[in-house]
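Visitor: I am new to this structure. Please show it to me, and let me ask how each label is earned.

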Amino acid sequence: MKPETWLVQAGRPKAPGSPLNTPIVPASNFLLGAYAREDGTPTWAALEEVVGGLEGGQALAFASGMAAAAAVFSLLPPNARVVLPTDCYQGVVGLAEGGPWRLLRLPLGDTEAWVEAAKEADLLWLEPISNPLLEVPDLRAIAGAPRKGLLAVDNTFPTPLNLRPLDLGADLVVHSATKLLGGHSDLLLGVAVAREETLLERLRRARTLQGATPGALEAFLALRGLRTLAVRLERMQKTAQLLAERLQAHPQVERVLYPGLPTHPGHDRARELLRGFGAVVSFVVKGGAEGADGVLGRVRLIRHATSLGGVESTMERRSALPGQGHLPPGLLRLSVGLEDPEDLWGDLKGALEGA
Ligand SMILES: *Cc1c(COP(=O)(O)O)cnc(C)c1O
């Protein structure tokens, strides 16, 4: 079964007379012993079946992407060596900085440094398309290098339709299903995926003991969102490529960071690694923070909001957030939604030209 078919077909009840869709099961406990926090629920299980199958492993649903990340970090002993990208989702950086671990930050493009670090590290944490600079590592080389510890990949930006890190040799995949998997900006949910049974059981135990379990409604909505992931992503990527190309040609734009552009420093790595380049386009406008805020104030269709991966296009200036000092001040991160591409371009063009 192709992934596009799997995400429509999997995770459904099979008994005659059942509804086509796995229902929302609001339960803490079940007859004859099962307890939801430990044993899960049918709604979580359906979601886990779909995501696990897409990634080629077994999935566990968590309360949020950060809950899934926190479960992974909780597997580490004190003093563990952790390697994070210099450009990385800020929540994960905060989590790593707050723990009793020895942190090393490496640029995603520096393959040699990652390969070297793998020999000593207890955890390598990678983003295949980094947030928000959209840098792309040579994941194949890093995952194939000898390593001491775990390799975890935050696959939120590519989604399993564009990349399956476990196939390349990663130990763990983490998702913020809040983003593209759910796809409608109406839930918080995370997923961790592993292939190896003991690792999976350690993660399950972490979820059970930390209590970082998803809600029944959230799991249902994420599963419902997943059914349309393939068509959403395809459309979003097509529009993202078009907008990236037009932005690049616009005089008010200094630089566009989209892995689908041949001018992107990670373009060759991205072409080799990914089936598609994702729904997020970052670009630097002239005039620094003020210029970027001006554009944000003038867009009418594109929502000035954080987060990404929803059906509605959103945009924000990431350097306005704490801990983002490495970003160009004029950088805007655009999450491309499902609106008409020409409407979106008209909105961006008008905002860039002060209309
Ligand atoms: C949003 C995000 C997270 C955190 O996920 P939540 O669901 O908000 O907890 C982790 N990694 C990446 C790349 C993200 O974009």
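Guide: Start with two strands. S10 and strand S11 (residues 314–317) pair in the parallel sense, over two bridges. Keep in mind that this is a predicted model.

Visitor: What makes S10 and S11 a pair?

Guide: Two strands pair if there are at least two bridges between them. S10 and S11 have two bridges, so they count as a pair by that cut-off.

Visitor: Which residue in S11 is the bridge partner of histidine 304?

Guide: Methionine 315 is that partner.

Visitor: Which sheet do these strands belong to, and in what order do its strands run?

Guide: The order is S8-S9-S12-S11-S10. These five strands form an open sheet with mixed pairing.

Visitor: Why are S8 and S10 called edge strands?

Guide: Each of them pairs on one side only. Strand S10 spans 303–304.

Visitor: Now the aromatic rings. How many aromatic pairs are there?

Guide: The structure holds three. One of them joins phenylalanine 73 and tryptophan 125.

Visitor: Why is the pair of phenylalanine 73 and tryptophan 125 called tilted?

Guide: The centres are 5.4 Å apart and the planes meet at 45°. Pairing needs centres within 6.5 Å, and tilted covers angles that are neither under 30 nor over 60 degrees. The pair therefore qualifies as tilted.

Visitor: Where in the chain do the two residues sit?

Guide: Phenylalanine 73 is in helix H4 (residues 65–73), and tryptophan 125 is in strand S4 (residues 123–126). They are 52 residues apart, so the pair links distant parts of the chain. Both phenylalanine 73 and tryptophan 125 are buried. Together with Trp101, they form one aromatic cluster.

Visitor: What makes the pair of tyrosine 258 and phenylalanine 277 edge-to-face?

Guide: The angle between the planes is 75°, and over 60 counts as edge-to-face. The centres lie 6.4 Å apart, again within 6.5 Å. Tyrosine 258 and phenylalanine 277 are both buried.

Visitor: Why does this pair tie together parts of the chain?

Guide: Tyrosine 258 lies in the loop between strand S8 and helix H13, and phenylalanine 277 in the loop between H13 and strand S9, so parts 19 residues apart in sequence are tied together.

Visitor: Last, the ligand. How do you know that aspartate 154 makes a polar contact with the ligand?

Guide: A polar side-chain atom of aspartate 154 lies 2.6 Å from a ligand nitrogen. The cut-off is 3.5 Å, so this is a polar contact. Serine 176 has a polar side-chain atom 2.8 Å from a ligand oxygen. For threonine 178, the distance to a ligand oxygen is 2.6 Å. The protein covers 92% of the 380 Å² of accessible area that the ligand has on its own.

Definitions and conventions
Residues numbered from 1 in each chain as written. Predicted model: local features only at pLDDT ≥ 70, side-chain atom pairs only at ≥ 80, totals over all residues. Heavy atoms only, no water. Polar contact = N/O pair within 3.5 Å; in protein donor to acceptor, adjacent residues only side chain to side chain. Areas by Shrake-Rupley, 256 points an atom, 1.4 Å probe, with all protein chains shown as cover. Phe/Tyr/Trp six-rings, centres within 6.5 Å; stacked < 30°, edge-to-face > 60°. Helix = DSSP H or I, 4+ residues; strand = E, 2+ residues; numbered from the N terminus. Buried < 20%, exposed > 50% of the residue type's maximum accessible area, 1.4 Å probe, protein only.
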